[in-house]
Every structure is written in structure tokens, then in C-alpha cells.
Amino acid sequence: MAIGGLDIGSRTIALVEVEDGELRWGKVVATTFDPLEQCRQLLADRSFEVLVATGYGRHLAQANFADRTITEIKAFALGCHRLFPECRTILDIGGQDTKAISLAPDGRVADFQMNDRCAAGTGKFLEVMAAAMGLTIDEMGRIALETEAEVKISSMCTVFAESEVTGLIARGTPRPEIARGLHEAICDRAVSLLKRVGVEREVVFAGGVARNPCLRALLERRLKVPLLIPEDPQLVGAMGAALSALQ
Amino acid sequence: MSEYDVMWEGLGIDLEAHAGLLEVLPPMYQENILSQENRPRGMEYFDFVFSEVHGLRVKELVEHREGGGVVVGTFCTYVSEELIVAAGGICVGLCAGAQVAPEEAEKHLPRNICALIKSSLGFKLAKVCPYIESCDLLVGETTCDGKKKYFEVLGELQPVYVMEVPQMKLEHDRDLWRLEVRRLLARLEELTGKKVGLEELRDAVRLINEKRRALLRLEELRKSDPPVISGRDALLVSQIAFYDDPARLTDKVNALCDELEERKARGESIGGAHRPRILLSGCPMALPNWKVATIIETSGAVVAMDEMCTGIRYFDNLVDEDAADMEALLDSIADRYLKIHCAIFTPNGERVEHIKELVRDYRIDAVVYYALQFCDPYTVEAFGVQRELEKLGIPFLYLETDYSAEDVEQLSTRVQALIEMVGSEDKA
Ligand code: SF4
Ligand code: SF4
């Protein structure tokens, strides 16, 4: 029996197919201005016994084609627990939200924290900063690893940090140092969110930003634990959604 | 011009801005309240009162004043309603539960002040609230710093009288507060030019106690599981209780309770065999602030209890009706109010104990703590409440927000995740 999991985030949409509890297939596309159309294309010529949606667009999906919805919190818990049964703490940095989740040994959500309405410390933050430096996110992550020196970025507000970055560039600060400072700032933010739910091993880092090597390295250094990174961190939410149908 | 337009204009209402406000209310009401399934018939009265929020009731205020009576506005559950009634006044709670003219308010107040205070001034400056314009006197209190300073600003626009609410509950605080209750009475007597006698005061105490008894009866019925009334309807009833005629309201609440008792006997509920039972705790949710309650209840749970000033804090505890004389009665009034568990007190273990009691009595599955952004008393107390509830294994969700709708999606995700945690289907 094929089950579909659809995760409609603010930046990307992921669809997976799970059969007999195993991930069979998965695809990620950009959300764009027309998420519904993107979903329709993803879903074209696929058929599922059940389709469960999660993410920002879950209600939109339910109104149109999904059978059921669960929150991203539960979806990441289920997905991470399946991939790493020992996992007790999850950090998920997505396009617009950062979430820290702590799991009970049986995989149930024990506690969670989410950032407030502002975009501080999320993928969006990185995106805006990369644009301010004229780089892609991948480039910014790469050059941040080139240096140990960092400038302190004092503002976590996306708007203020952007002008701070512009100011630093104008003053001739080397870009790697700025990039490094920005990653440190996000790392701080994520760590404080994690501390609020308590960091217990094993720690999984999921969501699109988990692909960023600099942030991974900084987080490991700060938390003093190795992070478990899913092979495809963007599919975890969709996978959890699909797995929920088996419960 | 309709009859109401003439009345509003007479009160100094800005008709155009006011029409704008009245336009947004019906769709809000539809979405948050009327769209609920299987509501009790007894809610029709409250629907009617709300539909006439600036009409019929305001007309009653105008008529009362034409007959020589006074209208007194309050901003806090600490202000004794029975004193106002005994002086022959009508007491209206001035709600400010929606964002009105924030830019105007920000000319006099800092940007980072709680939404309640900012909107309150917004309503006044935009001239859209016929209640505040009907008031002969506004009674403020020194609860939080924001309000304390706000009343100075408001006092430049309209007569304001401020009660000093102590911040501890020691013996000399009680003495101060008993004095403050007498000072308010004297101020009200000065306003009406008449002395309040023992029998008038006793009648007023009885009247307001009756209202409290009816509201407490409704709270008892909220213990039913499956629920016989939604949290939103219960919230609406207490919001309306702040400004409706007390005797009439008491009758209507009792009629609603009769119906709910029948429902309960028949095993009829608002739907769903069991819904996760949520305690909503924190800042007041003045009319028409239904945002968080709606999010909780459209996510498949029920708000089974409100530890808020628009909930149990408003009508818990009665005044001793049989107090022997004027002095004893006034003391009993003062003491009743000092029992309100507001977050402004220190130390405030009593409030946490009260929350724990409610969690037990109402078989609560999780607590949602609602704090208005920039409200120090409630935002700070959230930490201690959380710690205590964690010891009991009660899931706790902290929501800091204001009156805007921009964070509804994020709040929903968090509330729904909480409901998933306490184990239910996502019915949203
Ligand atoms: S929260 Fe405190 S200050 Fe505010 S209305 Fe209630 S009792 Fe008064
Ligand atoms: S919500 Fe908080 S800050 Fe605002 S008036 Fe009430 S106690 Fe004061």
C-alpha cells in the first residue's frame, strides 16, 4: 500500500511515497507563488491510498487533495524517529521557522519550541543575508568555513542585520568573516531554542538548512555532540507525514 | 440618519470611523462564534446582545443618564461593581479587545506597550466607543506600570479616578485596600451627590453576587466531558457580562445553564466524544478578542476553563451579603476583590496554586498560557507557572501575541502540535 506524504513549506514542497513503512521515492520542488499548482504537478500520475499533508500549506492541501493533516512538529518527530530510532532531540531549521523538539524514548513529542513570528535565525535569514552579500546561500556557507575570524553580528532581526551587513561590506570587512559571523548568530539562536527543550542525545538536524556545512560544524562544536543528519534533510517532514498514516 | 446615528453623534462618536468598526464585527462574529456547530439555544440572547453592542445597550445607558443616573467605566476586575451599582450607577467594563487606531495611540504612548492599553487609547482617540463616551467617570487602578501611566494620559481627555491596588497581600496591604474601597465610594457619592445607605449597598451586593453565582454555575457545567458548551461561548458570556444589565444577564445565564443541564442529562454535547481539555490562562481577552480560543477549538480541543479576567477571575468568590453593618460590608467587599489572582502580586504562589487546582478540578489535559506582548506581569509569571505544571506532567504552551492576525498560522501550528501531543486526532 503506497502512502503519500506532502510537506508544503514556505520555500519548498516535498512529496514522498512510503510503501511498507519504507521510503520509496521523494521529490522536492520550490514552493513558488502558486503552491497549489506545484502540488498538482508533483502529484500528477501518482496515486496513493492515503495522502497526509504537513507544513504551512497543509490546510490548503487538505481543502484540495490531502486526506489528513498533521503539524510539522509531529511530522519531524515521526520522520526522525524512523530514521534514527535513538534520537531524542531534533533541530529543524526551515524556510521561515526554526523548531526544537524533544522526544520521549518511544518517539512521542515530549516538548517543543518554535521561533516567534519573526524570521530571525531561519532559512529566510540566511537567504536575505546571502543576497545582501551578492552570494548564493551555498557560496556563503562555503566561504564562512574559510576563516576562524568572525565579526559579531549584533542584530538578529533580519531587517537590521541586513543593514549591518551592508555597513560591514562598505567598511571593507572581509566577506568570509561576515559570513562566519552570520552563521554564528544563527547557531546561537538555534542553541538557545534547543536549550529550552533540553538537549539530549542523539540530536538530529533536519530541514533545508541542515545541508549547510558551516552551520553543522558550528552546532556540533557548540553542543559538543555529533549531529545526525538525514541523507535528505528536506524529505523528513514529508516522510513523517506519510508514516503518520500507519499509526 | 438612523436613530442610532443620532444617538452616536450626540455622544461625539466619529460616525465614519465608527461605521468602519461596525463593518468588521459581523464577519468576525460569524467566523469565530456563529460558525460553531451545535450551539445551545440559550446563546441566542448573547448573539443578540452582541449584534446590538453599540445600539440597544448604549441606548439604555443614555436613558439612564437622562433619568439622572451615572455611568462609570472600569478597566480591571479589581474595581468594585457593587459600589457603582449602589451609587445608582451602571458599571461598564471598557474592553479594547481589538486594534483600533494604533498610530494615533502611538502619539501619546510608546510603541512597545501592551495591546490592551494601546487599543484602549486608540478607541478613545478615534472616537469609536460609545461606552467610554457615555461614562461620567472612568475608574482606573495602579495594577501594572503601563496602566498607571496610561491613566495620566487618559485623564487629560476625560475625568479619571485611580484606585491604588496594592501589590502584596499582607495585613497592611489589606488595610490600604479597604481604605481604597471607601475612597472610591466617597468619590462615587461626590459624583452623584447622594450618600449610599446600608440597604442600597446590600442590594447591590446581592445583585452582583447573583450574577457571579450564575456565572459560576456555568463554570461548573464546563466540567462536563464531553463538553456541553464551547469555551468560546463561555468566553462570550463573560465578556458580555462586563457591560450588560446585571439582573437581565443573570436570568439569561441561568436559562442557559438550565438548558445545559438538560443537555448533560441527555448525554448531548457540542460534538466529539472526547476532546482534549485545555485551560486557557493569562491576560484578559476583552471583547472581541477570540483569536486564541478559536484556534484551540478549531484544532479539535475544547477550552474547558479560563483562568483570566474574562473568565473565572471575574466572578470567583462572593461578598458576604449578611455582613452586619456598613463597615463590615465594605470590608467584605474589599476582601473579596483582594482574592483575585492577578499576576501583579508578589509573591504570587496563590495564583499558581489556583491554576493547579483548576487543572485538577476541570481534568485539564494541557495549559495554553496567553500573554499579551509587553505585559510584564503575565509574561514573567509564565515561567513559574510552567515550572509548576511540568512537575505535574501537564503540557504547557506559551503564546505571546497581540491583536493582529498576522501570526495566526504560527499559533495554529503550535496549538495543533500541543493537541497532537496530548493525543488526539487533528480535526482541523
Ligand atoms: S489582569 Fe490584573 S490588572 Fe488586568 S484586569 Fe485582571 S486583575 Fe486587573
Ligand atoms: S495586559 Fe498586562 S501590561 Fe497590559 S494592562 Fe494588563 S497587566 Fe498591564
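**Chains A and B, and a helix pair in chain A**

Reader: What makes a residue pair count as a polar contact across the interface of chain A and chain B, and how many such pairs are there?

Author: In this predicted model, the rule finds three residue pairs in polar contact across the interface of chain A and chain B, with both residues at pLDDT 80 or more. Each pair counts because N or O atoms lie within 3.5 Å, one able to donate a hydrogen and the other to accept it.

Reader: Thanks! Which elements of chain A touch chain B, and which one gives the most?

Author: Those giving two or more residues are α2 (58–64), α3 (72–83) and β8 (109–114) of chain A. β8(A) gives the most, with five residues. By class, this side of chain A has seven nonpolar, six polar and seven charged residues.

Reader: And how many salt bridges does the rule find between chain A and chain B?

Author: Zero. A salt bridge would need a side-chain nitrogen of Lys or Arg within 4 Å of a carboxyl oxygen of Asp or Glu.

Reader: How much area do chain A and chain B bury between them?

Author: About 1,700 Å², with 46% of it on carbon and sulfur atoms. The contact takes 20 residues from chain A and 18 from chain B.

Reader: Now inside chain A: why are α3(A) and α9(A) called roughly perpendicular?

Author: Their axes cross at roughly 90° and come within 7 Å. Angles of 65 to 115 degrees count as roughly perpendicular, so the term fits α3(A) and α9(A). Among the residues making the contact are A:F76 and A:L83 of α3(A), and A:M239 and A:L243 of α9(A). By class, the contact has nine nonpolar, four polar and one charged residues.

Terms used: Residues are numbered from 1 along each chain as its sequence is written. Chains are lettered from A and ligands numbered from 1 in the order in which they are written. This is a predicted model: local features need pLDDT of at least 70, side-chain atom pairs count only at pLDDT 80 or more; totals for chains, interfaces and linings use all residues. Side-chain values use heavy atoms; hydrogens and water are left out. Contact means heavy atoms within 4.5 Å. Buried area is the accessible area (1.4 Å probe) that two parts lose on being put together, summed over both. A polar contact is a pair of N or O atoms within 3.5 Å; within protein, one must be able to donate a hydrogen and the other to accept it, and residues adjacent in sequence count only if both atoms are side-chain atoms. Helices (H or I, at least four residues) and strands (E, at least two) are DSSP runs, numbered from the N terminus. Ala, Val, Leu, Ile, Met, Phe, Trp, Tyr, Cys and Pro count as nonpolar, Asp, Glu, Lys and Arg as charged, and the others, Gly among them, as polar. Axes are lines fitted to C-alpha atoms, for helices over the stretch in contact, and angles run from 0 to 180 degrees between N-to-C directions. Angles under 35 degrees count as roughly parallel, over 145 as roughly antiparallel, 65 to 115 as roughly perpendicular and the rest as oblique.
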